[in-house]
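Here's a quick tour of one protein model, written for someone who'd rather be at the bench. Have a look at the structure first, then read on.

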Amino acid sequence: MAASTKTESNSPAPPPVPVAKKVKHEMELFGDVRIDNYYWLRDDSRSNPEVLSYLQAENAYTDFVMSGTKHFEDQIYAEIRGRIKEDDISAPVRKGPYYYYKRTLEGKEYVQHCRRLVSPVEALPSVYDTMPIGPDAPHEHVILDENTKAQEHAYYSIGAFKVSPNHKLVAYAEDTKGDEIYTVYVIDVETGAPVGKPLVRVTSDLEWAGDEALLYITMDEIHRSDKVWLYKLGTDQSSDSCLYHEKDDMFSVGLQASESKQFLFVESASKNTGFIFYLDVSKPEGGLMVLTPRLDGINASASHRGNHFYIKRRSNEYYNSEILACPLDDVSTTTVLIPHRDSVKLQELQLFSDHLVVYERENGLPKVTVYQLPAVGEPLTRLQGGQTVDFLDPVYMVDPLESQFSSSILRFSYSSLRTPSSVYDYDMSTGISVVKKINTVLGNFDASKYVTERKWVHASDGAQIPLSVVYRKDLVKLDGSDPLLLYGYGSYEVCIDPSFKASRLSLLDRGFIYAIAHIRGGGEMGRQWYENGKLLKKRNTFTDFIACAEYLIETKFCSEEKLCIQGASAGGLLIGAVLNMRPDLFKAAVTRVPFVDVVTTMLDPSIPLTTSEWEEWGDPRKEEFYFYMKSYSPVDNIKAQNYPKILVTAGLNDPRVMYSEPAKFVAKLRDMKTDDNVLLFKCELGAGHFSKSGSDLRSSKKRPSYMLLYSRLLTWFLPLAMCKADQVTFGKRDGITPWRDFSFSR
């Protein structure tokens, strides 16, 4: 004890638990008064010394608490980093006479954008195509090295990288702050020399309109994408033509190129309504033409093949969407190709010269269906007899990847909770599927050790909630004693499909169970699943999540003492809400960039995303929505009660969820909660919504924010002997290498 006391006396004094000052701020509406003592924490300039001082104090406190397990964090970091194949390339994409791909280098945080000539150039595309490498292969040309560009910046991210149709130029969008305000540069592919002046203060949404022009988008003062511009190479940005200005602040604009590359589509959409213009790439000076009209409650997206546009259209009646076709010269005349179905959601379409691919959802799982199309010029009628691509895992994720329009080769990515992300080429004519790349997981990873399951949970109103689960079968007992991490999102019709994450193995290989609750508000079960978890039905999102937690406890996957929950952004709203509703149900909670000050934010049209999201959360300027939203808004419902252990993170430059929301949430929790459980808050002062830039695991100086999560979870839930770096109970054959035996080659 004397030695321990002496050591402590020679150590720096621990920082005090941060206590934010209170400055009373009253907000009254509909006769209701809300008091926000921490409103002062909002500083739109991000430069107020008092605010920054408070954030720095929170960071210092978190760092101090975490320092006690620094050796363990080092070990976890070494494990996760040791699973990465640092010197690697992505699956090459064939475009015209070149293969394009990204390369990662050992010890480097960012990627190189590269290409090689196809050899022989005249070779027809095939699922068996392999890019030649080695001394006799065509030369690899590095178009852009992000590592070089990033040296001058604390934050660096490329949001778009577009090659011109003639393969001579590249336009790329660069963000150096994390605020998602980009600068677009055009460079010569071969020399890297700049072509013209950069386009400033734009979004990352851009497309080539031929070889000498670009379409791009700018934002208004609340970060709403509102204007579409035509830029001609060699001219000044000030002389660019504004093709469309969306003045309705509930709508935002976006760009999409057809797979045929003959048309560009401009969509203006709110959460419920969307309409489309098209631009003929061969004559961009002709401007935008209307493809689908602006009709309330109808949303559309489009593509092109031959003499027809293909349109995916959703309406209140056909809520899971239908697919139509219309002639180029008569867009008001449509033919139904695939009708609406109550049980199948049409999520996305992908066109080829001879095929139509539809990405669908049924029973909570994605499907890929391929249809043969009649020759161009022949009549288009209702499509039948589609061929479905088969997948092995009980729960999985599949996403479309860029494919060649003129070929019969469909490329997609596939992953599951136990299957690393893989790229497949599928021959739509023969049904042959060939894997082109499987992300390497070093450390003797063996997928057969892991079990993935789909469970169904009964909600209080009878709804059936899908639940995806993964665990390592030789480590869990399934008797209620296993620790479990439950993830949820449940907003914007986003589907959180079960996918692989190598870092998650550090939990699974220590006996954790991982589960995803596919709750209402998401899109996993179709459009109605989303509609029943938004606006005045938003509370279904939270009660669904609670039902999933109760199911996992009742069925002995875990207990209240072994259950941690996690969510980010709108998923952070979920975590904040359920913590207020059922804090007794959880041992710990982790939330990143959480949207937790719902009423105050949605009452302020000057905050980015507010106006465009009144159709998602509701407009609290209307009394019914005000009181309903207040009933679940996390900041407004914190009360004097016990809460579990909580970790919260934020980004100072976040344009989507202001850092002040999680800051206020933490400050009010510190003031009101009645327990002694740890509450940690980490605000990245040089990051935005998506945390730090670069591949943090390749840097010895920067570490991803989930390192806080993993080290906290493991020390909270596992016996100390299993957490200590020199007493790890798993050997190398299990993919876990003790820190003392781990060495780097550099």
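Contact here means heavy atoms within 4.5 Å. With that in hand, take two helices that meet: Tyr54, Leu55, Glu58 and Tyr61 in α2 are in contact with Ala663, Val666, Ala667 and Arg670 in α12. The axes of α2 (residues 49-67) and α12 (residues 660-672) come within 12 Å and cross at roughly 65°. Angles of 65 to 115 degrees count as roughly perpendicular, so α2 is roughly perpendicular to α12. The crossing of these two helices is left-handed.

How far can you trust all this? The model is predicted, and the protein chain averages a pLDDT of 91, with 92% of the residues scoring at least 70. Two stretches fall below 50, and they are listed here.

| Stretch | pLDDT | Contacts beyond near neighbours in sequence |
|---|---|---|
| residues 1-9 | below 50 | zero contacts |
| residues 720-746 | below 50 | 53 contacts |

Now for the inside of the protein. The largest nonpolar core has 121 residues, and Leu410, Leu467 and Leu486 have the most contacts inside it. Helix α7 (residues 539-554) gives the most to this core, with nine residues. Which residues does Leu486 touch, not counting those up to four places away in sequence? Its partners include Leu467, Ala515, Ile516, Ala517, Phe545, Ala549 and Leu552, and also Leu563, Cys564, Ile565 and Gln566. Apart from the largest core lies another, of 18 residues, with Ala213, Val228, Phe251 and Leu264 among them.

Helix α11 (residues 623-630) has buried residues too: Phe625, Tyr626, Tyr628 and Met629. What do the buried residues of α11 pack against? They pack against the strands β1 (26-29) and β2 (32-35), along with α7, α9 (598-602) and α10 (614-617).

One last stop is Glu246, which sits in the loop between β15 (241-245) and β16 (252-257). Is Glu246 buried or exposed? Buried means under 20% relative accessible area, and Glu246 counts as buried because its relative accessibility is 2%. Leaving aside neighbours within four places in sequence, Glu246 is in contact with Arg224, Asp226, Phe251, Val253, Ser268, Phe275 and Arg294. One of these, Phe251, also belongs to the core of 18 residues. Val228 is another member of that core, and its C-alpha atom is separated from that of Glu246 by 8.8 Å, with the two residues 18 residues apart along the chain.

Note on methods. Residues numbered from 1 in each chain as written. Predicted model: local features only at pLDDT ≥ 70, side-chain atom pairs only at ≥ 80, totals over all residues. Heavy atoms only, no water. pLDDT = per-residue confidence, 0-100. Core = buried A, V, L, I, M, F, W, Y, C linked by side-chain atoms within 4.5 Å. Buried < 20%, exposed > 50% of the residue type's maximum accessible area, 1.4 Å probe, protein only. Helix = DSSP H or I, 4+ residues; strand = E, 2+ residues; numbered from the N terminus. Axes fitted to C-alpha atoms, helices over the stretch in contact; angles between N-to-C directions. Parallel < 35°, antiparallel > 145°, perpendicular 65-115°, else oblique. Left-handed = near helix turned anticlockwise from the far one by under 90°.
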